[in-house]
Amino acid sequence: MLTKLEEFGQLVELVRSDTAICMNDAMPLIQNKCNEMHTVFDKIDNLEKFVLLVKDNVSVMETELVKAEDQMGSFSGLKKMLSSFVSPKKTQTKVTKQADYEVPNIFKTEDYLQTKHSKDIKEEPNKDNEQK
């Protein structure tokens, strides 16, 4: 019985030392990773907002396309081309109708995403100014 009690005591001491190792070594690492994850979560939130914005803009463009197809008629490309050769007066009247079209305000990718190309474009004028 004394041997069993001694083994149990050693087991408890082993658990305490493992707990101390976890608390001293692993917990700070876990906390650092958790802090790093907050920036990832912020990026995900921003991405979700961007996807929603793109979705809304695509919906607007789809409704504009449907309106345009209703106004102009949705013929195949060949029929449109042939009809423009046969009756040029109709295309001229359609052109005047198109003049009233207002382009919907949609997002610009450059406002939300920075690509290498857009960074190069932004940096080039600065280089020119420095040389002058």
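One aromatic pair is counted in this structure, which is a predicted model. A pair of aromatic rings is described by the distance of the centres and the angle of the planes. Here the partners are phenylalanine 50 and phenylalanine 107; their ring centres lie 5.6 Å apart and their planes stand at 85°, so the arrangement is edge-to-face. The cut-off behind that term is an angle over 60 degrees.

Where do the two partners of the pair sit along the chain? Phenylalanine 50 belongs to helix α1, while phenylalanine 107 lies in the loop between α3 (88-99) and α4 (109-112). The two are 57 residues apart, and the pair thus links distant parts of the chain. As for their surroundings, phenylalanine 50 has a relative accessible area of 16% and is therefore buried, since buried means under 20%. Phenylalanine 107, at 22%, is partly exposed.

I turn next to the start of helix α1. This helix covers residues 2-72, and leucine 2 lies in it. Is leucine 2 buried or exposed? Its relative accessible area is 66%, so leucine 2 is exposed. Leucine 2 also contributes to a nonpolar patch on the surface, together with Leu5, Phe8, Leu11, Leu14 and Val15. The accessible area of these residues together is about 650 Å².

Finally, I come to the cysteines. A disulfide is a covalent bond between the sulfur atoms of two cysteines. How many disulfides does the structure hold? The number is zero. Among the cysteines, cysteine 22 is partly exposed, with a relative accessible area of 45%. Cysteine 34 also counts as partly exposed, at 42% relative accessibility.

Conventions: Residues are numbered from 1 along each chain as its sequence is written. This is a predicted model: local features need pLDDT of at least 70, side-chain atom pairs count only at pLDDT 80 or more; totals for chains, interfaces and linings use all residues. Side-chain values use heavy atoms; hydrogens and water are left out. Patches are made of residues with over 30% relative accessible area and no salt bridge: like charges are joined within 9 Å, nonpolar side chains (Val, Leu, Ile, Met, Phe, Trp, Tyr) within 5 Å. Accessible areas come from the Shrake-Rupley method with a 1.4 Å probe; for residues, only the protein chains shown count as cover. A salt bridge is a side-chain nitrogen of Lys or Arg within 4 Å of a carboxyl oxygen of Asp or Glu. Helices (H or I, at least four residues) and strands (E, at least two) are DSSP runs, numbered from the N terminus. Buried means under 20% relative accessible area, exposed over 50%, partly exposed in between (1.4 Å probe, protein chains only). A disulfide is a pair of cysteine sulfur atoms within 2.5 Å. Rings of Phe, Tyr and Trp (its six-membered ring) pair if their centres lie within 6.5 Å; planes under 30 degrees apart count as stacked, over 60 as edge-to-face and the rest as tilted.
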